[in-house]
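Here is a friendly walk through the model, one contact surface at a time. Please keep the structure open while you read.

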Amino acid sequence: MLEVEGLHAHYGRAHILQGVTLAARQGEVVALLGRNGAGKSTTMKSIMGMVRPSQGQVRFEGRDLAGREPFEIARAGIGYVPEERRIFTELTVMENLDVGRRPPRPGQQAWTEERVFALFPSLGAMRARPGGRMSGGEQQMLTIGRTLMGNPRLILLDEPSEGLAPVIIERMADAILALKRDGLTVLLSEQNLHFARLVSDRACVLEKGQIRWEGTLEALMADEAVKQQYLVA
Amino acid sequence: MFENLLVQGLSGLASASSLFLVASGLTVIFGVTRIVNFAHGSLYMMGAYLSWTLVTALPRGHLGFWGGVLVAALIVGVIGVLIEVLLLRRIYKAPELFQLLGTFGVVLIVQDVALMIWGPQDLLGPRAPGLRGAVEILGVRFPLYELFLIAVGPVVLGLLWLLFHRTRWGTTVRAATADREMVGALGVNQRMLFTTVFFLGSVLAGLGGALQLPRESVNLQMDLAIIAEAFVVVVIGGLGSLPGAFLAALLLGQLQAFGILIFPKITLVLAFLVMAVVLVVRPHGLLGRPPASAHAAHVVEPPYPPATPLVRYLGFAALALAVLVPPFMGEFALIVFTEIAIMVLFAASLHFIMGPGGMASFGHAAYFGLGAYGAALLAKHFAAPMELGLFAAPLMAGFAGVVFGWFCVRLSGVYAAMLTLAFAQIAWSTAFQWVEVTGGDNGILGVWPSAWAQPKLVYYYLALVLCVGVTLLLRRAIFAPFGYALRAGRDSPLRAEAIGMDGFRIRWVAFIFAAIAAGVAGGLFAYAKGSVFPTYMAIPRSVDALLMVLLGGVQTVSGPIVGALAYTWIHEQLMRSFDLWRLFLGSVIVALVLFFPQGLVGAAQRLTERRK
C-alpha cells in the first residue's frame, strides 16, 4: 500500500534522511523506531510533503506522491497526526473535527463526529470546548479524530504516546487496535517500545537517516544487540 | 455644547465604520496569508473610482446607486484576486519587507493607472437616493447618510462573525489563521483558501471606498491616506483580529473627531501616538495574539564573507572615479553625483539595522528628514552657519533614534515595521502640521552652504568625504565584535542572550547608529537642495531607502552601495523620460521582488558561487 524508496531529505545543509526505504501493507501497523534525532518525524513529514524530499519515491496505492503538496497527499488518502498535535486552540472540538472533514471513497464507511466520539468517548462530553482548554491526552485524541474525519486509508501517527499518562496510553493503544480492525493502515513513530509492542505487527529501526533493522516486534525484543545499538538512549 | 459633542461623536462613529470596512479586509487577509497588503488602500480607491463611474453611468435611482456600489465592490474583489494570483501567491514565503515592498509596487502602478483612466481632478459623486436629507438630533441637523454609515460597521461585523463562525469555509479560515500548514496537511488547498480570503478582503475594501462616494470627493490621494489609518487600526486591534479592528476603528474615529476640537494641530500625530503606546503596552495589539511563530521556517543567514580582492579593486576603482572625474563634469552632473553620495550613506544606514540587525524598518526616512530639519531649523531660526547645521543634523536624528528606537527594537517582524512607519508618520505630520516652526507644506527655504562650500564641486567633495567616511565606519562596525554580537542576536536571540549579550541594548545602539548616519545624509541633502520639505520624511522616501537596500541585496555588505548607485540612476532616468514613472517604478519593484529576492549583489554572488 505504501512503499517508500531511497528517500532523502535536507534541512538547509543538514542531510537528515539518507535513503529511507520502508513499506506498509494494507491493514498493517508498522512501528518506526529510533532515538531522538534519528529522522522519524522527518520521514513522516517527507511522506506527507511537509518537508520536500530531495530524492526518492513515495508510492501510495501505486501513485508516486513524492514532491506533491501536503493537501494533495492528504486527498490521496494519507492522514497525518503530528507529534506536537497542533490542535486549533481557538476552535471547539466540533469545529476542529469539521476542518478535517473530507469526502470518503466510494464504498468506504465515512467518519462522522459521532463515530469519533464512539472511539474516544471522553471527547463526546466536551463538544463545545475550545481546543486550547483540553488536557494533553484529550488533545491527542482530538488530533487523531480530526485526521480520521478526512477518511484516510493510511495514517502517519507521530509519537502518539509522548507525554501521556500510562492509563491514557493504554486507551490510545486500544483505539489504534480498533482502527486496525477496521482495516486502516498505520505507520507509527515511537520511542516507547512498550507501546509499540502493544499495537504493531512489524518494526523498522531508524538510525542516522537510514533503516538499520527490520522485523517483527518479537524478534526485536529478543535481539539485545539491536536494542542496545539503536534504541537504548 | 453637549449637542456639538454628540454630533462630533456621531461623525466619529461614521468615519469609524468606513475605516472598519477597510481594516477588516486588511486584517482578515493578514490573519490567513500573513501578508501586510500595502495595496489595500489602492483597492479602496478603486472602489471609489469604479462606483463613481458606474453610478454616474447607470440610471438614477435606488437600483442605479446601490447596484453601482455593489458591482464596484465585486469588481474590486476580482482585481484583488488578480493581484493575489499574479503577485502575492509567489511571495508568500518571502520576508515581510519584500511583501510590503511588492504590494507597494502595486500601489504605484494603480496610482498611474487611475490617473490615466480618471484624470487628476477630484470627482464628485451623487448623493445616495433616499438618504439625502438630514435628521435633527437635539436641535442639530445631522446627515442621514452618516447615520446609515454608523449602522454599516456593526452590521458588517455581525455578518463577518456569522461567516467565520457558522460556515465551514469560515471555520477553515480561522483554523488556517492559527496554523496554515496543518490545515494543508488535512487536505485543504491553501491556494484556493488564500484566493477566496483575498477576494473577501478586497470586496470589503472596495465597498468601503464605494460607500465614501456620497461623502467626499474621489481623488488620487485616497489610497495612502486610508492605508496609513487602516494600518494603525489593524495594528492597534491586533493583526488578524476582527473585533480588535472594530474596537480600534471606533477608538480612532472618536480620537480624530474630538482631537480636532482639542488639538487641531496634531490630529495626525495623535493616531500614531496611540498606536505606539498600545504596541509598547500590548505588543500584539488590543485583541491580538502572538503569531504561531513556532512553525514558521526560520532562515539563518550565512555569515558575511570579507571583501574579495575583486570587490576591493572595484571599490577602489569606483572611489577613484568619484574623486577624479567630477572636476571635468558640468554642474548638473555634479548635483546628481552629490545626491548619489548622499543616497549611498542613506542606504548604508538603513542596511545597518536591516541586514546585520535583522530589524525591519519601514520608516527610515524619519531620521534622514530629521537630520535635514535639524540643520534647516537652526539655519532658519538662529541663522546658524552650515558647519553648525551639519553638526546638528546627526544630533537631532540620533536623538530621535534614541527615543523611537527604544520602542521599535522591542518588537520584531511586521509589528516592528509598522511601529517604525508610525514614528516616521509622526515626524512627517509634525513637520506638515506645525506650520509656525516648520513652514508646513511650504518647507524651509534658503538653507545654503557657507561661502567656501558654495561651489558645486567643493560641496560635492564635502559630501563625498562625509558620506564615504561614515559608510566606511558603518562597514567597520559590521566586522567589529559589535557587528558579530548584532548578527548573533539576529540569528538566535535566545542563545545570544544565554551567553550574556544584552540583545535589547545592542539593537538599540545599532538603531541609534543608523539614525545618526541617516541624519548626516539628511543634513547634507538639505544644504545640497537649499531647502527642506515634509516629503523628506514621507513614506515614499522610506521606500526609496528600502528599494536601494533590497535592490542591492540585504544580506550582502556591498549591496546597499550598489543598490543606491543603481536606484538613484534609474530614478533619475525615469523622472526625466517618463510621465508615468510611477507605473514604471512600480513594475520595477514588482519585478525585483519576484525575480531578484536576493538583490543585485546577492544574485551576482550566486552566479560566482555557481561558477566555483
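## Two domains within chain B

Let us begin inside chain B of this predicted model. Where domain 1 of chain B meets domain 2 of chain B, 6 residues of the former are in contact with 8 residues of the latter. On the side of domain 1, B:Glu96, B:Leu97 and B:Leu100 supply 61% of the area buried against domain 2 of chain B, more than any other three residues. The area that the two domains bury between them is about 630 Å², and 93% of it lies on carbon and sulfur atoms.

The domain assignment places domain 1 of chain B at residues 15–218 and domain 2 of chain B at residues 329–538. Taken over C-alpha atoms, the centres of these domains are 36 Å apart.

## What the domain contact is made of

How many salt bridges does the rule find across the interface of domain 1 of chain B and domain 2 of chain B? The count is 0. For residue pairs in polar contact, with both residues at pLDDT 80 or more, the count between these two domains is 0 as well.

Helix H4 (residues 96–118) of chain B gives the largest share of the side of domain 1 that touches domain 2, with 3 residues. By class, the residues on that side of domain 1 of chain B are 5 nonpolar, no polar and 1 charged.

## Chain A against chain B

Now to the contact between the chains. Here 21 residues of chain A are in contact with 20 residues of chain B. Chain A and chain B bury about 2,000 Å² between them, with carbon and sulfur atoms giving 56% of that area. A:Phe71, A:Arg86 and A:Phe88 supply 30% of what chain A buries against chain B, more than any other three residues.

Which polar features go with this contact? Between chain A and chain B the count is 5 salt bridges. In one salt bridge, the side chains of B:Arg174 and A:Glu95 meet at 2.6 Å, N to O. The rule also finds 9 residue pairs in polar contact across the interface of chain A and chain B, both residues being at pLDDT 80 or more. On the side of chain A that touches chain B, the elements giving two or more residues are helix H2 (70–75), helix H3 (93–100) and helix H6 (136–148) of chain A. That side of chain A divides into 10 nonpolar, 2 polar and 9 charged residues.

## Confidence along the chains

Chain A has an average pLDDT of 93, and 100% of its residues score at least 70. Among the elements of chain A, strand E6 (residues 78–81) has the highest mean pLDDT, 97, and helix H10 (residues 224–231) the lowest, 83.

For chain B the mean pLDDT is 88, with 97% of the residues reaching 70 or more. Helix H2 (residues 40–57) of chain B has the highest mean among the elements of that chain, 96, while helix H25 (residues 599–611) of chain B has the lowest, 71. Residues 293–298 of chain B have a pLDDT below 50, and this stretch makes 4 contacts in the model beyond near neighbours in sequence.

Key. Residues numbered from 1 in each chain as written. Chains lettered and ligands numbered in written order. Heavy atoms only, no water. Domains from an automatic or database assignment. Contact = heavy atoms within 4.5 Å. Buried area = accessible area lost by both parts, 1.4 Å probe. Salt bridge = Lys/Arg side-chain N within 4 Å of Asp/Glu carboxyl O. Polar contact = N/O pair within 3.5 Å; in protein donor to acceptor, adjacent residues only side chain to side chain. Helix = DSSP H or I, 4+ residues; strand = E, 2+ residues; numbered from the N terminus. Nonpolar A, V, L, I, M, F, W, Y, C, P; charged D, E, K, R; others polar. pLDDT = per-residue confidence, 0-100.
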